[in-house]
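Visitor: Please take one part of this model and look at it closely, then set it in its surroundings. I would like the criteria behind each term to be spelled out as you go.

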Amino acid sequence: MNILYDERVDGALPKVDKAALLAELQAQLPDLDILHRSEDLKPYECDGLSAYRTTPLLVVLPERIEQVETLLKLCHQRGVPVVARGAGTGLSGGALPLEQGILLVMARFNKILEVDPAGRFARVQPGVRNLAISQAAAPYELYYAPDPSSQIACSIGGNVAENAGGVHCLKYGLTVHNLLKVEILTVEGERMTLGSDALDSPGFDLLALFTGSEGMLGIVTEVTVKLLPKPQVAKVLLAAFDSVEKAGRAVGDIIAAGIIPGGLEMMDNLSIRAAEDFIHAGYPVDAEAILLCELDGVEADVHDDCARVSEVLKLAGATEVRLAKDEAERVRFWAGRKNAFPAVGRISPDYYCMDGTIPRRELPGVLKGIAELSERFGLRVANVFHAGDGNMHPLILFDANQAGELERAEELGGKILELCVEVGGSITGEHGVGREKINQMCSQFNADELTLFHAVKAAFDPSGLLNPGKNIPTLHRCAEFGRMHIHNGELPFPELERF
Amino acid sequence: MTASAHDASAQLLDQVNQALAANMPLRIQGSGSKAFLGRAVEGQLLDMREHRGIVSYDPTELVVSVRAGTPLTELEAALDEAGQMLPCEPPHFGEGATVGGMIAAGLSGPRRPWSGSVRDFVLGSRVITGQGKHLRFGGEVMKNVAGYDLSRLMAGSFGCLGVLTEVSLKVLPKPRLCTSLRLEIDLERALLKLAEWGQQPVPISAASHDGQALYLRLEGGEGSVNAARERIGGEDLDPGYWNDLREQRLAFFADPRPLWRLSLPNNTPAVALPGEQLLDWAGAQRWLKSDADAETIRAIAHEVGGHAMCFSAGATASPFQPLAAPMLRYHRQLKAALDPQGIFNPGRMYSEV
């Protein structure tokens, strides 16, 4: 079932007169950069989910918050949908434009406003890149912990909107755990502060609600993040296994030993070989699975923990355990993992990256399920896994030039996500729902839960102008989707009329 | 699962639906250990204590799911047995304190600035809504960004947004070594030292100052804790200090004047306050015993970028820091979305919510 906005199931959108809107914007905001010719709009027709494209009505590139304020007020009065976008690196189509909507690009808000080492925070504009924060904090031996793999390019406003993760989440948390305060503009163009400079703020925890809300509740205009002292040392162990089950059990054994690694990653044979061909990280290409375990902190503790973890890995049946002998080797071990996606890109014309999470104990069963699905759909799947926190990134290999392969890859991906939900997991760990997983939301939540989500949305945006159609599916979409996915002979959402 | 485990969700849902039908407000309560916080609620009692027990706990997953009426001591004992803990070390304020009350109050203990707060450890929840439905949000996995994060929103909402029946929490292994010390330095100097240590990988997990001395707790591996202990110096401290601080049993709290909690930014210097003060959270949480009026105390907190809440029942009509107009409007709209008839703990936080 197509994920592009479909007014028939996703709800009617307001009709906007482009020429009139453009004229009004130009009159009210003479210094605002507005793109309106089709050749200028083209580069903005998708985000990181490039298989889906929609040309926006207009693109605006503000440089001052006052411009955003005026723009939102005008759009609110005129009933114009607004889709916010940061760097456009999102993988779930959260910034996919609408033909009848303005694309509000926040990328020019790229100033670091304040780094306070003694207060251990940085106050930045939303278009600041994730990595730039850590770079600005580096002279003080501090850093910003969440590190999504797109951190070189992705912006902090988008990180807030998606509650971005990374490879160090188990120990250091997600975006939501590393924020102090977010300044927003409401749909009406009203300024509001969520959180505070202190560790908590009065009233409901709207900062938690807002984080990961995918631009549906307001527009992020400033972010204050927590900074942490850089760990004194980081060491990486590489362990090879002759089965993924053993590798999975080893992860549980490390946790059971009372050790929380800074990073704990698993790769299966197909990913190992692809990464090794590309990066020459020194991975054992015959292994069925490898674990990369990073231990960080104060030197003496890290030294002790390395010895403990090595022992645990050997007892768990590792065929080989290697400690990166120096910083160069440590970086090489990580380079293989961090480049796993492009490495897989080299062995297949296209790949589709999934983002399900599962309770870790379910890993062997889920991997078996994925292998069966892979065979059934005739498409290879490489598995990369944030093993510490149960976040899987199966990469489905396909060729978009072969008729029907993209559709097959998407259907296979959908099945994998449903498998994650079945074992008590989630359809998205860190990439967000956006438009990509809009149908799978119907598998994870029932009609009452979705209805409540819509009510929460309406509490902030009653006219539904902020990023319409993302994150939460309509019940009509679910009814239609459910017709194609009947579980155990039961029709989901039996109370709804069918189209 | 423990012997006393019991699923009373059907009865709770019944009672909520009856209250909805009668348009009757409900006063949601566990043991009442935190009933002194916030404003008084008029309503029929919804006793959560029958709905109790650990639903699932797998230490290697670092996740526990537990019913709201479960005594906090029972949960902590189960975690302790597996060598794990609730890192936010929530205060009990009474023997019968329940898990639901801990989430509703959202209060965290001395480790909070380093470990995170109660809400930071919430992964999922089951909630009876104002539509009379028993729903599930979030999950039992560390990373989950599907849908709005209504589970973390429940933390600190004092039951005003729904009846929390079950919560899934992230838990962590207990530190390998823990040591506490007392260092006799004045407040100004202590705050400077804390700012300095805060920028270094020093394994501090609690820091308090009572006007006389700095109290520190160090937690981590043997190497880091011993090295920091040696470097910082001071005399050994009975670790019971931290429980007494958390449970407000130190002599400071016996002062008969109203108790206020000031939440201030990291690295706020010493602030002159109208009364006696005790610092926790390396200065980010300051307890104040004072007869001064609410406006005076709030103005001082506001001046340094923080806010204040009154912890003594009846001392002020609005114990929670009042909200600015747009913020209050969104609070009311959110309350109306989750509790359209306004039956859940109406007025507990704010008269309008």
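Guide: Chain A is divided into domain 1 (7–105), domain 2 (112–229), domain 3 (233–341) and domain 4 (348–422), with bounds that come from an automatic or database domain assignment. This is a predicted model, in which local features need pLDDT of at least 70 and side-chain atom pairs count only at pLDDT 80 or more, while totals for chains, interfaces and linings use all residues. Residues are numbered from 1 along each chain as its sequence is written, and chains are lettered from A and ligands numbered from 1 in the order in which they are written.

The part to follow is domain 1 of chain A, whose centre, taken over C-alpha atoms, is separated by 24 Å from that of domain 2 of chain A. Their contact takes 13 residues from domain 1 of chain A and 19 residues from domain 2 of chain A, two residues being in contact if their C-beta atoms, placed from the backbone, lie within 7 Å. On the side of domain 1 of chain A that touches domain 2 of chain A, the largest share is the six residues of helix 4 (residues 65–78) of chain A; helices (H or I, at least four residues) and strands (E, at least two) are DSSP runs, numbered from the N terminus. By class, that side of domain 1 of chain A has six nonpolar, five polar and two charged residues, where Ala, Val, Leu, Ile, Met, Phe, Trp, Tyr, Cys and Pro count as nonpolar, Asp, Glu, Lys and Arg as charged, and the others, Gly among them, as polar.

Strand 4 (residues 102–105) of chain A deserves a closer look. A:I102 and A:L104 point one way from this strand, A:L103 and A:V105 point the other way, and all are buried, which for a residue requires that 20 or more other C-beta atoms lie within 10 Å of its own (exposed means 12 or fewer, partly exposed in between, with C-beta atoms placed from the backbone). Strand 4 of chain A pairs in the parallel sense with strand 2 (residues 58–61) of chain A over three bridges, pairing being assigned if DSSP finds at least two bridges between two strands. Within that pairing, A:V60 has A:L104 as its bridge partner. Strand 3 (residues 82–85) of chain A also pairs with strand 4 of chain A in the parallel sense, over four bridges, and here A:R85 stands opposite A:V105.

A:L104 also leads into the wider interior. The largest nonpolar core has 251 residues, and those with the most contacts inside it are A:L104, A:A239, A:I290, A:L291 and A:I396; its largest share, seven residues, comes from helix 15 (residues 405–422) of chain A. Such a core is a set of buried Ala, Val, Leu, Ile, Met, Phe, Trp, Tyr and Cys residues joined through C-beta atoms within 7 Å. Leaving aside residues up to four places away in sequence, A:L291 touches A:A239, A:A247, A:A250, A:V251, A:L264, A:M266 and A:A387. In soluble globular proteins, nonpolar side chains tend to be buried together.

As a whole, chain A has 18 helices and 18 strands. Its radius of gyration is 23 Å, close to the 23 Å that the globule rule gives for 499 residues, so chain A is as compact as a globular protein of that length; the radius is taken over C-alpha atoms, and the rule is 2.2 Å times the number of residues to the power 0.38. The C-alpha trace of chain A spans about 70 × 60 × 45 Å along its principal axes, and buried residues make up 57% of the 499 residues. Among contacts in chain A between residues at least 6 apart in sequence, 71% join residues at least 24 apart.

Chain A also meets a partner: 76 residues of chain A are in contact with 69 residues of chain B. Helix 10 of chain B gives the most to the side of chain B that touches chain A, with eight residues, and by class that side has 30 nonpolar, 26 polar and 13 charged residues. In helix 7 of chain B, B:G223, B:S224, B:V225 and B:A228 are buried, and what covers the buried residues of this helix includes strand 14 (289–297) and helix 11 (299–315) of chain A together with strand 10 (177–183) and strand 12 (214–220) of chain B.
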